[in-house]
Amino acid sequence: MDCVNVIRLMDRWLDGELGPEQARAVALHMEGCPSCSAQAAQALDLNRILDALPAPKAPGGLKRRILTAIRNEQDRFSLADWWRSLGAAARGAALAMALAGILLGGLMGRQTGTVSGTEQAQGPYANYILADNGDWL
């Protein structure tokens, strides 16, 4: 491995993010290259200094601004946006299911038959009686 590749991989090597093979190649190069070893030592010193600093605090109101931006983005996504995001096949399937639901609801909701004089009608349609042929009286 040459100096250009070692410098390119140095931060990842120092952070332990290289695979074992690349890490060995970088370490082997460092043993024989005083320039790369010096750069690695400087980078380690800088990391130690930065690690000793207190973590920066987020500016006041940042959380509120982020949450507001997220809510605004969610509010902008409407039913029309959802419909446009569907492909042609999904739109067709959604329309077919809606139509099937309407038709089945209409068929299942329709009651036919006769009411004999001894049966008492109940509910919101108690004043209506089905004739023998299924017509409303």
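In this predicted model, L18 touches L9, R12, W13, A23 and V26, when residues up to four places away in sequence are left out of the count. L18 also belongs to the largest nonpolar core of the protein, a set of eleven residues that comprises V6, L9, M10, L14, L18, V26, M30, C33, C36, A40 and A43. Helix 1, helix 2 and helix 3 are the elements that give two or more residues to this core, and helix 1 gives the most, with four residues. As a general background, nonpolar side chains in soluble globular proteins tend to be buried together.

Helix 1 deserves a closer look. The helix runs over residues 3-14, and because each of its twelve residues is taken to advance 1.5 Å, a span of 16 Å is expected, which agrees with the 15 Å that separates its end C-alpha atoms. Within helix 1, the buried residues are V6, L9, M10 and L14. Viewed down the helix axis, these buried residues of helix 1 fall within an arc of 155°, and they therefore line one face of the helix. On the other side of helix 1, by contrast, V4, R8 and D11 are exposed. The partners of the buried face are helix 2, residues 20-32, and helix 3, residues 34-52, against which the buried residues of helix 1 pack. After helix 1 comes G16, whose phi is positive, with a value near 70°.

Helix 2 offers a further residue to consider, since A25 has its place there. A25 has a relative accessible area of 25%, and because buried would require a value under 20% and exposed a value over 50%, A25 is classed as partly exposed. A25 can also be related to the start of the chain, for A25 and D2 lie 23 residues apart in sequence, while their C-alpha atoms are 9.6 Å apart in space.

The protein as a whole can now be set around these details. The protein has six helices and zero strands, so that, under the assignment used here, its elements run α-α-α-α-α-α from the N terminus on. Of the 137 residues in the protein, 12% are buried. Among the contacts between residues at least 6 apart in sequence, 33% join residues that are at least 24 apart. The accessible surface of the protein comes to about 11,400 Å², and carbon and sulfur atoms account for 59% of that surface.

Notes
Residues are numbered from 1 along each chain as its sequence is written. This is a predicted model: local features need pLDDT of at least 70, side-chain atom pairs count only at pLDDT 80 or more; totals for chains, interfaces and linings use all residues. Side-chain values use heavy atoms; hydrogens and water are left out. Buried means under 20% relative accessible area, exposed over 50%, partly exposed in between (1.4 Å probe, protein chains only). Contact means heavy atoms within 4.5 Å. Accessible areas come from the Shrake-Rupley method with a 1.4 Å probe; for residues, only the protein chains shown count as cover. The expected span of a helix is 1.5 Å times one less than its number of residues. The arc is that of the directions from the helix axis to the C-beta atoms. A nonpolar core is a set of buried Ala, Val, Leu, Ile, Met, Phe, Trp, Tyr and Cys residues joined through side-chain atoms within 4.5 Å.
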